[in-house]
Amino acid sequence: DLSIFQDAFDLRQFVEPVLEDLVGQTNEGASFFIRDGDEQVCLFRVEGRHLVRDHSIRQGDRRPLNNSAASILLRRFAEPSTAPIQPEDACVVSVGKVNPEMAAVGVPVFASGHQLAGVITLSGPSARFTDDYVERLRTVLLEAGTHLSISLGAAASRFARSRSRPSCASA
């Protein structure tokens, strides 16, 4: 649907620098997903810099909502809410749930009016996503998701708790 990509034009100036920064910090592939009906759409993608990386995701890909980190978050935050973002809800790890060899960590991104703008993920080979590594990615992603959300008009007060307590739920 062309309108999704036309609507994304305004988002690009905010999202792409964040994805580039995430790749710079982690060397993992960074993606931004939105929901379109019963599908997730990879609106933006910056490839990782590791020799072994996630080649299964391409910008423009449409996939059914499944057990991926992005899909879980797109469903979880589909309805607007004014409630603070709880740490255990703000981050999802999916290791081998969609592709046995791949893993992803995702966080939601909000815009004004408490609307879910999309989900940022970092993805790569499952073998690299140890508990310690996931914790490092979680910290970087939560900060990026909070920063991007505030840039898109979300209230900063919604994120205070998610930055103060480390947590990441498994898919």
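In this predicted model, E47 is partly exposed, because its relative accessibility of 28% lies between the 20% limit for buried and the 50% limit for exposed. E47 forms a salt bridge with R58, and a search of the whole structure finds eight such bridges. The points below describe several of these charged pairs, then turn to a serine in helix α4 and to the covered helix α2.

**The pair E47 and R58**

- The closest N and O atoms of E47 and R58 are 3.3 Å apart.
- Both residues belong to the loop between β2 (39–46) and β3 (62–64), where 11 residues separate them and the pair links distant parts of the chain.
- R58 has a relative accessibility of 39%, so R58 counts as partly exposed.
- In general, side chains of opposite charge can pair when their charged atoms come close.

**A pair within helix α1**

- A salt bridge joins R12 to E16, with 2.7 Å between the closest N and O atoms.
- Helix α1 covers residues 2–26 and contains both partners, which are four residues apart, or about one turn of the helix.
- R12 counts as partly exposed because its relative accessible area is 27%.
- E16 is also partly exposed, with a relative accessibility of 26%.

**The pair D61 and R63, and a network**

- D61 and R63 form a salt bridge whose closest N and O atoms are 3.4 Å apart.
- The relative accessible area of D61 is 24%, so this residue is partly exposed.
- R63 likewise counts as partly exposed, at 24% relative accessibility.
- One network, made of salt bridges that share partners, joins D36, E39 and R62.

**S149 in helix α4**

- Helix α4 runs through residues 131–151 and includes S149.
- S149 counts as buried because its relative accessibility is 0%, and buried means under 20%.
- The side chain of S149 reaches the backbone oxygen of G145 at a distance of 2.8 Å.
- When neighbours within four places in sequence are left aside, S149 is in contact with P108, V109, F110, A154 and F159.

**The covered helix α2**

- Helix α2, which spans residues 69–76, is mostly covered, with six of its eight residues buried.
- The buried residues of α2 are A69, A70, S71, I72, L73 and L74.

Note on methods. Residues numbered from 1 in each chain as written. Predicted model: local features only at pLDDT ≥ 70, side-chain atom pairs only at ≥ 80, totals over all residues. Heavy atoms only, no water. Buried < 20%, exposed > 50% of the residue type's maximum accessible area, 1.4 Å probe, protein only. Helix = DSSP H or I, 4+ residues; strand = E, 2+ residues; numbered from the N terminus. Polar contact = N/O pair within 3.5 Å; in protein donor to acceptor, adjacent residues only side chain to side chain. Contact = heavy atoms within 4.5 Å. Salt bridge = Lys/Arg side-chain N within 4 Å of Asp/Glu carboxyl O.
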